[in-house]
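Trainee: I have a chain open and want to go through it. Can you take my questions as they come?

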Amino acid sequence: MNIKLKIWRQAGQGKPGKFESYEVNDVSVDMSFLEMLDVLNENELKKGNDPVHFDHDCREGICGMCSLYINGKPHGPKHGITTCQLHMRTFKNGETIVVEPWRASAFPVLKDLMVDRTAFERIQQAGGYVTISTGGVPDANEIAIPKTVADEAMDAAQCIGCGACVAACKNASAMLFTAAKVSQLAVLPQGKAERKRRALAMLEQHDSEGFGACTNTGACEAVCPKEISITHIARLNREFTRAAFSGSETDYTN
């Protein structure tokens, strides 16, 4: 395949950027999108040009680093996958592919296609954990948890923090990410003891980072590579409401 690319190039945060055009020839249909970008960068280095900077790590759909906006969609046109899992057979020979970074004020562009997503880490640090001392590790069957509850917690815990939900939302909201990180603990008995502080602290951090409010359009769910449901946002809203009107952690237990 011969592919044409229009890629956003930006020297650094706060600096002007623009689209630049490239061509990559003899692209195998079995290449991943990132492998195709590797070939592009090898060609650019041979020419003495600055390679296109983009984030990547595991290339197995687990780490969430490969945050690219491809032809107007986070992670590209395929549903339920990350960019590193997107293969070039998805595109047509001679097609022009537009590649951009996430567009959100809370995700400033570091260079080219790389953005700073440490805002997600600060939301997580605000309360997305359990601090209670539980002593030794209990037997797996000692705390009885219904399978449906365990499955729901695991569904939320699948969030890899890639930021596709923010990129797809017209308000650049991170509610799906925050909801998943709250929900994965809120449904389990180990997470109920700190649920009030968790909901309040994480939403406060979410807003302070500059993320917008939920639009209720479901765009975040539609592009999530792990297909996390927006029902977790409903749970987050309930957790926040109960926390806001509760005097202390002990005022409710359900």
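Mentor: We will go through the fold, the sheet, the cysteines and a few single residues.

Trainee: What kind of model is this, and which cut-offs apply?

Mentor: This is a predicted model, in which local features need pLDDT of at least 70 and side-chain atom pairs count only at pLDDT 80 or more, while totals for chains, interfaces and linings use all residues. Residues are numbered from 1 along each chain as its sequence is written, and side-chain values use heavy atoms, with hydrogens and water left out.

Trainee: How many helices and strands does the chain have?

Mentor: Eight helices and seven strands. Both are DSSP runs numbered from the N terminus: helices are H or I with at least four residues, strands are E with at least two.

Trainee: And what box do the C-alpha atoms fill?

Mentor: Roughly 65 × 40 × 35 Å along the principal axes.

Trainee: How much of the chain is buried?

Mentor: 46% of the 254 residues. Buried means under 20% relative accessible area, exposed means over 50%, and partly exposed is in between, with a 1.4 Å probe and protein chains only. The chain exposes about 12,600 Å², of which carbon and sulfur atoms supply 51%; the areas come from the Shrake-Rupley method with a 1.4 Å probe, and for residues only the protein chains shown count as cover.

Trainee: What share of the contacts is between residues 24 or more positions apart?

Mentor: 71% of the contacts with a separation of 6 or more. A contact means heavy atoms within 4.5 Å.

Trainee: On to the sheet. What is the strand order?

Mentor: The order is β2-β1-β5-β3-β4, an open sheet of five strands with mixed pairing. Two strands pair if DSSP finds at least two bridges between them. The edge strands are β2 (17–24) and β4 (73–74), each paired on one side only.

Trainee: Which way does β1 run against β2 and β5?

Mentor: β1 and β2 run antiparallel, joined by eight bridges, with Lys 6 opposite Ser 21 in β2. Four bridges join β1 to strand β5 (residues 96–100), and those two run parallel; there, Lys 4 stands opposite Thr 96.

Trainee: Is β1 mostly covered or open?

Mentor: Mostly covered: six of the eight residues of β1 (residues 3–10) are buried.

Trainee: What about the turn between β1 and β2?

Mentor: That hairpin has six residues between the strands, and Gly 14 takes a positive phi near 80 degrees.

Trainee: Where else is there a positive phi, in a residue other than glycine?

Mentor: Ala 172 has one of about 50 degrees, in the loop between α4 (164–168) and α5 (175–186). Ala 172 counts as buried, at 14% relative accessibility. Glu 227 has a positive phi near 55 degrees and sits in the loop between α7 (219–223) and α8 (231–244). For background, most residues other than glycine have a negative phi.

Trainee: Changing topic: how many disulfides?

Mentor: Zero, by the rule used here. The rule asks for a pair of cysteine sulfur atoms within 2.5 Å.

Trainee: Why does Cys 159 not bond to Cys 224?

Mentor: Because the sulfur of Cys 159 is 6.5 Å from the one in Cys 224, its closest cysteine sulfur, which is too far for a bond. Cys 159 counts as buried, at 14% relative accessibility.

Trainee: And Cys 165?

Mentor: The closest cysteine sulfur to that of Cys 165 is in Cys 220, 6.4 Å away, so it is too far for a bond. Cys 165 is buried as well, at 9% relative accessibility.

Trainee: Back to the sheet for a moment. Where does Tyr 69 lie?

Mentor: Tyr 69 lies in strand β3, and its bridge partner in β4 is Pro 74. Strands β3 (residues 69–70) and β4 pair in the antiparallel sense over two bridges. Tyr 69 is buried, with a relative accessible area of 18%.

Trainee: What is Tyr 69 in contact with?

Mentor: Leaving aside neighbours within four places in sequence, the contacts of Tyr 69 include Pro 74, Val 98, Trp 102 and Ala 167.

Trainee: Last one: is Leu 86 buried or exposed?

Mentor: Buried, at 0% relative accessibility. Leu 86 is found in the loop between β4 and β5. Beyond its neighbours within four places in sequence, Leu 86 is in contact with residues including Met 31, Phe 33, Ile 70, Ile 81 and Phe 91.
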